[in-house]
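These are my notebook entries on a single protein chain. I looked up selected loops, one helix residue and two helix pairs, and I record the results below.

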Amino acid sequence: MLKPFLLDHLPDEWEGMDKPSYRKDQVLDWIFKKATLSFLKMSNLPLSFRHTLEDKWELNALSLVKIQGSSDSTQKFLWRLRSGDYIESVLIPANIGQDGQRSKRLTVCLSTQVGCAYGCKFCASGLEGWKRNLSPAEIVSQILQIQALTQTRVDNLVFMGMGEPLANFDSLMRALEIIHAPWGLNIGARHVTISTSGLVPQILKLADRPEQFALAISLHAATDDIRNKIMPINRKYPLSLLLEACASYQKKKNRLITFEYILIEDLNDSLEQATLLAQHAKRIRAKINLIPYNKVDPLPWRRPSPDRIQAFLHTLRQHGVSATVRHEKGHDIDAACGQLRLKQLQNHQQLLTSDVSTTP
């Protein structure tokens, strides 16, 4: 019988750690302050108690399969879950500011699901379909493992990895409670960005929560006809409904919303799209993050030329909109969502096919 994950539960739900009362605090200190993911290494606990915890709970929800390092110091992590599934996380170094100084901020891009059910036509995450939601422990463990492996403290989180975060709303919120808590990772809500492809009811639900999470919308088109071609979710929640939900979120939180916009050659990179996109952004006070497309095999899409990207950016700025082109990080390690997992699954399938073909 599989042991439950400790971090699927909040500390007041942990059984057997209330006598003496400080035991729970000691365990929390080991996990979140000392990045220790083994009960047996918690040396100030009695050995018998360590074995009791080891027998009762599973602390580590992930095992590392591969790290790919980029020339810009971005690191991509492929994890294997206890279920045998694979997910990815990315550690993103700080940008160089306008003053030429490097910020100390370290960002982790996190996954919330195994695969994705929303079928965006440009994305690798959904090519193998959706399998399941991640539990809170599987979400939080991505951060804990990265901190333990790199001996650095992460202070900024973006939920833009594999899966649709708002489709796993309850587990995401419990994970964020652990992430935000002073006894946990102690990362403030203003340092957390949640991305969505456009789940309108969940955006409104998130708006009703007290935390000041940043919201990013994977928009990728300024009209329904183009968005319908590449994002099936738009047929259920078209732009009019999505923008209305964004306006409601912005009004309640009084925080800028980000439109994430992947630029794809001859699809959504026209100056007409740029003009309409600027109008949407001005309506709800959003900033725009342009992302040149990262090639995903076997998908046919390509990134526009540098001149085309700059023309699109210039058009946005001419209309008085705050817009930037994302500085590429990890392009040389296939950093687009799901690529490393997809290659792992393809390699595994090739091995299985090879085994079958050579069996007498």
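Is N254 buried or exposed? I looked up its relative accessibility and found 57%, so N254 counts as exposed, the cut-off for that class being over 50%. I note at the outset that the model is predicted.

**Entry: the chain as a whole**

I began with the overall composition. The protein chain has eleven helices and twelve strands. I then checked burial and found that 52% of its 360 residues count as buried. For the contacts, I considered pairs of residues at least 6 apart in sequence; of these contacts, 66% join residues at least 24 apart.

**Entry: positive phi in two loops**

I returned to N254 to examine its backbone. N254 sits in the loop between α8 (239-253) and β10 (257-263). Its phi is positive, near 55°, and the residue is not a glycine. I recall that most residues other than glycine have a negative phi.

I then turned to Q151. Q151 also has a positive phi, of about 55°, without being a glycine. I located Q151 in the loop between α3 (136-150) and β7 (156-159). The relative accessibility of Q151 is 68%, so I entered Q151 as exposed.

**Entry: G320**

Where is G320 found? I placed G320 in the loop between α10 and β12 (323-325). With a relative accessibility of 61%, G320 counts as exposed. I also looked up the separation of G320 from Q279: the two residues are 41 residues apart along the chain, and their C-alpha atoms are separated by 9.6 Å.

**Entry: N234**

I next examined N234, which belongs to helix α7 (residues 233-236). Why is N234 counted as buried? Its relative accessible area is 1%, and buried means under 20%, so N234 falls in that class. I set aside the neighbours within four places in sequence and listed the remaining contacts of N234 as D224, R227, N228 and L239. For R227, I found in addition a polar contact of 3.0 Å between its side chain and that of N234.

**Entry: helices α4 and α5**

I characterised this pair by geometry first, since two packed helices are described by the angle between their axes and the distance between the axes. The axes of α4 (residues 169-180) and α5 (residues 200-207) come within 12 Å and cross at roughly 30°. Angles under 35 degrees count as roughly parallel, and therefore I describe α4 and α5 as roughly parallel to each other. Their crossing is right-handed. On the α4 side the contact is made by F169, D170 and M173, and on the α5 side by Q202, K205 and L206. I sorted the residues of this contact by class and obtained three nonpolar, one polar and two charged.

**Entry: helices α9 and α10**

How do the axes of α9 and α10 cross? I found that the axes of α9 (residues 271-284) and α10 (residues 306-318) come within 8 Å, with a crossing of roughly 35°. The crossing of α9 with α10 is right-handed. From α9 I listed L271, Q273, A274, T275, L277 and A278, which meet R308, A311, F312, T315 and L316 of α10. By class, I recorded seven nonpolar, three polar and one charged residues for this contact.

Methods
Residues are numbered from 1 along each chain as its sequence is written. This is a predicted model: local features need pLDDT of at least 70, side-chain atom pairs count only at pLDDT 80 or more; totals for chains, interfaces and linings use all residues. Side-chain values use heavy atoms; hydrogens and water are left out. Axes are lines fitted to C-alpha atoms, for helices over the stretch in contact, and angles run from 0 to 180 degrees between N-to-C directions. Helices (H or I, at least four residues) and strands (E, at least two) are DSSP runs, numbered from the N terminus. Angles under 35 degrees count as roughly parallel, over 145 as roughly antiparallel, 65 to 115 as roughly perpendicular and the rest as oblique. A crossing is left-handed if the near helix is turned anticlockwise from the far one by less than a right angle, and right-handed if clockwise. Contact means heavy atoms within 4.5 Å. Ala, Val, Leu, Ile, Met, Phe, Trp, Tyr, Cys and Pro count as nonpolar, Asp, Glu, Lys and Arg as charged, and the others, Gly among them, as polar. Buried means under 20% relative accessible area, exposed over 50%, partly exposed in between (1.4 Å probe, protein chains only). A polar contact is a pair of N or O atoms within 3.5 Å; within protein, one must be able to donate a hydrogen and the other to accept it, and residues adjacent in sequence count only if both atoms are side-chain atoms.
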